[in-house]
Amino acid sequence: SVRAGARRATHKTKHTPSRQAGVCRAIKYALLFDCDGVIVETEELHRLAYNGAFEAFDLYAGGEQVRWSREYYDVLANTVGGGKPKMRYHFTETLQGTWPSSKTVDEHADVPENDDAQMALIDALQDKKTEIYKRIVEEVAEARPGVIELMDEALARDDVAVAICSAATRAGFDKVVNAVVGVERLSKFDVVLAGDDVDKKKPDPLIYNMARERLPGNLEAHQCLVIEDSVTGLRAAKAAGMLCLVTPAGSNLNAPFMDEGADFVVEDIVQGNVSASSLFPPTGTAPDFSQLS
C-alpha cells in the first residue's frame, strides 16, 4: 500500500545516495512527467497507428469499417487513459456492445462473444498498433519545447526526485523515451513507470501513488508536482493529492483545466517560464508557481 503522510517530521532529514557518487540527497520535492503530450506530442501519432492496426486487420463492426477520426480521437483521449481501455470503451460504449471481426486475420474472423475472446482481439490489435507506432516514432517524434532542459535542471538537483509516469504500454513508451529523452538521461531518473506497471489506468491515481511510494525521500503528496497535458491525467494527479501543472497539447488545448483543479496552466514550458529553480525553491517546503507566466 502507499505510504500516507505519517512521517511528515522526518522527510527533510532522510538522506538518499546521490546521482553523483559520494553525495547524499536530502530530497524535498518530486517532479513527475507524463509522457505522451508532455514530453512529446504523440496524440496524432497514436491515432494513425491505431487506424493502421484496424486497417491491417480489415476490421469491421456492424458492417462499418473501424476507423477513428481526429475529432473522435480527441474525445476518446480525454475520456479514457491507455490504449487497450480506449478500444474496449469504443466497442462497448461508443458502439454499444457491437464488437468487430477481422477479414484478414483468421484467428479473429468471428465476432468475439465472451470476455476472453474480446481481450484476445484487443491484445492482438494493440500489438499491431505498437509495431506501427514504434516505426512512426522513429521517423517523426521530437521533444516539446523546454522539456529536456527542465529534466536536466531537475536531474541536477539533489533535492528533487524525478519520475516519468506514462499510460502507454511499455514497448511503445520505451521507443518514445529512448528516442527523445535518451538512454543515458533516462538512467538518471529515480522512477520510470509505464501503463503495463499498473492494473488501473488514469484517471485512476494508482500510477502516481505507486511512483510516490517508490521515489526516494519518503515524500508526501503535497511535495510532488505532476506535469500533465490532459484532463484524464490531471484527474489522476489530483486524485493522488499532488500538485499539477498542465501544458496542453493536441485535443486538450481548450479543455477546462482550471475548473478540473489544475494548479497552473501554461502554453508550454518555455512560454510559461517553467524551470526547476522557479518551481522548487531551495529554501521552500512545497512547489511554487509564483514565478510562472
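Is Arg70 buried, exposed or partly exposed? Select Arg70: at a relative accessible area of 46%, this residue is partly exposed (buried means under 20% relative accessible area, exposed over 50%, partly exposed in between, with a 1.4 Å probe and protein chains only). The model is a predicted one, in which local features need pLDDT of at least 70, side-chain atom pairs count only at pLDDT 80 or more, and totals for chains, interfaces and linings use all residues. Residues are numbered from 1 along each chain as its sequence is written, and side-chain values use heavy atoms, with hydrogens and water left out.

**Stop 1: Arg70**

Arg70 belongs to helix H2 (helices, H or I of at least four residues, and strands, E of at least two, are DSSP runs numbered from the N terminus). Show its surroundings: leaving aside residues up to four places away in sequence, Arg70 touches Glu44 and Arg47 (contact means heavy atoms within 4.5 Å). With Glu44 there is a side-chain to side-chain polar contact of 3.5 Å. A polar contact is a pair of N or O atoms within 3.5 Å; within protein, one must be able to donate a hydrogen and the other to accept it, and residues adjacent in sequence count only if both atoms are side-chain atoms. For orientation, add Leu31, which is 39 residues from Arg70 in sequence and 31 Å from Arg70 in space, C-alpha to C-alpha.

**Stop 2: aromatic rings**

The whole structure contains nine aromatic pairs. Rings of Phe, Tyr and Trp (its six-membered ring) pair if their centres lie within 6.5 Å; planes under 30 degrees apart count as stacked, over 60 as edge-to-face and the rest as tilted. Select Tyr50 and Tyr73 next, a tilted pair with 6.2 Å from centre to centre and 45° between the planes. Tyr50 is in helix H1 (residues 43-56) and Tyr73 in helix H2 (residues 70-77), 23 residues apart, and the pair links distant parts of the chain. Tyr50 is buried at a relative accessible area of 3%, and Tyr73 is buried at 4%.

Now select Phe54 and Trp68, whose rings meet edge-to-face, 5.0 Å centre to centre and 80° between the planes. Phe54 lies in helix H1 and Trp68 in the loop between E5 and H2, so this pair ties together parts that are 14 residues apart in sequence. Phe54 is buried at 1% relative accessibility, and Trp68 is buried at 0%. To see these rings together, select Tyr50, Phe54, Trp68, Tyr72 and Tyr73, which form one aromatic cluster.

Keep Tyr50 on display and add Lys129: the charged end of Lys129 sits over the Tyr50 ring, 4.6 Å from its centre. A charge sits over a ring if NZ of Lys or CZ of Arg is within 6 Å of the ring centre and within 35 degrees of the ring normal.

**Stop 3: a three-stranded sheet**

Show strands E4, E5 and E6 as a cartoon; they make an open sheet in the order E5-E4-E6, with antiparallel pairing (two strands pair if DSSP finds at least two bridges between them). Strand E5 (64-65) and strand E6 (101-102) are at the edges with a single partner strand each, so one side of each has no neighbour in the sheet. Strand E4 (residues 59-61) is joined to E6 by two bridges in the antiparallel sense. Tyr60 stands opposite Ser101 in E6. Lys103 lies over the face of Tyr60, 4.0 Å from the ring centre.

**Stop 4: Lys202 and helix H8**

Which loop holds Lys202? Lys202 is in the loop between strand E8 (191-193) and helix H8 (206-214). Lys202 is buried, at a relative accessible area of 6%. Its side chain makes polar contacts with the side chains of Glu228, at 2.8 Å, and Tyr208, at 3.3 Å. Among the residues that Lys202 touches, not counting those up to four places away in sequence, are Asp34, Cys165, Thr232 and Ala236.

Move on to H8, whose buried residues are Ile207, Tyr208, Asn209, Met210, Ala211 and Arg212. They pack against strand E3 (29-33), strand E7 (160-165), E8, strand E9 (224-228) and helix H9 (231-239).

**Stop 5: cysteines**

Finish with the cysteines: the structure holds zero disulfides (a disulfide is a pair of cysteine sulfur atoms within 2.5 Å). The sulfur of Cys35 is 11 Å from the closest cysteine sulfur, in Cys165, too far for a bond. Cys35 is buried at 0% relative accessibility. Cys224 is in no disulfide, and the nearest cysteine sulfur, that of Cys165, is 9.7 Å away. Cys224 is buried, with a relative accessible area of 0%.
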